[in-house]
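This report describes the fold, the core, the surface and some local backbone features of one protein chain. The structure is shown first, and the account follows it.

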Amino acid sequence: MGILEWVYQLDISIIEGFKTFNAPLLLDYFMAFISTIGNAGLIWIVVSITLLLFKKTRGIGIAAIIALILNTVLVNLFLKPIFNRPRPYAIIEGIEYIIKTPSEPYSFPSGHASSSFAVATAIYLTSFKNKFAYLALILAALIAFARVYFCVHFPSDVIIGSLIGILMGYIGYRSYLKLDKSFIKDKIV
């Protein structure tokens with residue numbers, strides 16, 4: 001068995017486990033809320049624009065917007081159509097949904113996970129001593145987990161999506177540093 005076949009079998013096993021998990025209704029509602037705020041990257045767009053509005057956080061907002069744009073182009077316009085991996089519900093029978101099934105048929109990589117980690121990483125790298133940066137990372141992890149929890153993504157979709165997001169967040173951060181050399185002086189002081 002090759003590595004890809006092993007990952008596929010592991011993905012199926014984990015989804016089967018979530019499919020049979022009897023979660024408390026309150027947890028289902030909480031996870032549905034978490035998953036929904038990640039739809040279309042809306043929470044991250046709002047966070048990024050809010051950061052842009054204030055001079056003190058504008059650099060963080062610029063890094064986040066760069067990361068989000070790069071991530072969206074890479075994941076949604078290139079990777080998803082190239083891999084066109086079906087979602088778990090198209091492969092595994094008996095999956096019941098609490099959330100609306102995605103209209104986008106492609107599963108790999110997870111756009112929710114990648115956009116979440118792109119912005120959260122950009123925020124973390126530009127303001128790593130800020131408590132908000134840690135909250136952004138926690139929210140990104142929760143959004144990514146919720147996608148597997150509701151069986152709309154395979155675990156490997158979310159893991160690879162998260163790694164792509166981290167890379168895009170880093171590129172967004174580095175791009176901002178190149179755009180504004182004064183940012184480095186502000187961080188050193």
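## An all-helix chain

Read along the sequence, the protein chain follows the pattern α-α-α-α-α-α-α-α-α, which amounts to 9 helices and 0 strands. The coordinates are those of a predicted model. Of the 189 residues in the protein chain, 44% are buried, and among contacts between residues at least 6 apart in sequence, 77% join residues at least 24 apart. The protein chain exposes about 10500 Å², and carbon and sulfur atoms supply 70% of that area.

## Core

In soluble globular proteins, nonpolar side chains tend to be buried together. Here the largest nonpolar core has 39 residues, and those with the most contacts inside it are I15, W44, V119 and I123. At least two residues of this core come from each of α1 (3-20), α2 (25-37), α3 (42-53), α4, α6 (111-126), α7 (131-149) and α8 (155-179), with α7 giving the most, 8 residues.

Two buried residues give a local view of the packing. V47, placed in helix α3, counts as buried because its relative accessibility is 16%, which falls under the 20% limit. Leaving aside neighbours within four places in sequence, V47 is in contact with I123 and F132; I123 is also one of the residues with the most contacts inside the largest nonpolar core. V47 and G61 are 14 residues apart in sequence, and their C-alpha atoms are 7.9 Å apart in space.

T121 is found in helix α6 and is buried, with a relative accessible area of 9%. The side chain of T121 reaches the backbone oxygen of F117 at 2.6 Å. With neighbours within four places in sequence left aside, the contacts of T121 are L137, G165, I166, G169 and Y170.

## Salt bridge and surface patch

Which residue forms a salt bridge with R85? The partner is D157, and the closest N and O atoms of the pair are 2.8 Å apart; the count for the model comes to 1 salt bridge. R85 lies in the loop between α4 and α5 (88-91) and D157 in helix α8, so the pair ties together parts that are 72 residues apart in sequence. Both R85 and D157 are buried.

On the surface, I69, V73, L77, F78, I82 and F83 make a nonpolar patch of about 610 Å². I69, one of these residues, is found in helix α4 (residues 58-83).

## Backbone exceptions

Most residues other than glycine have a negative phi, and most peptide bonds are trans. The table sets out two residues that have a positive phi although neither is a glycine.

| Residue | Phi | Place | Relative accessibility |
|---|---|---|---|
| A40 | about 55° | loop between α2 and α3 | 74%, exposed |
| N84 | about 30° | loop between α4 and α5 | 41%, partly exposed |

The loop between α4 and α5 thus holds N84 as well as the salt-bridge residue R85. A further exception concerns the peptide bond that joins F108 and P109, which is cis, with omega about -10°; P109 lies in the loop between α5 and α6.

How values were computed. Residues numbered from 1 in each chain as written. Predicted model: local features only at pLDDT ≥ 70, side-chain atom pairs only at ≥ 80, totals over all residues. Heavy atoms only, no water. Patch = residues over 30% accessible without salt bridge, like charges linked within 9 Å, V, L, I, M, F, W, Y side chains within 5 Å. Areas by Shrake-Rupley, 256 points an atom, 1.4 Å probe, with all protein chains shown as cover. Salt bridge = Lys/Arg side-chain N within 4 Å of Asp/Glu carboxyl O. Helix = DSSP H or I, 4+ residues; strand = E, 2+ residues; numbered from the N terminus. Core = buried A, V, L, I, M, F, W, Y, C linked by side-chain atoms within 4.5 Å. Buried < 20%, exposed > 50% of the residue type's maximum accessible area, 1.4 Å probe, protein only. Polar contact = N/O pair within 3.5 Å; in protein donor to acceptor, adjacent residues only side chain to side chain. Contact = heavy atoms within 4.5 Å.
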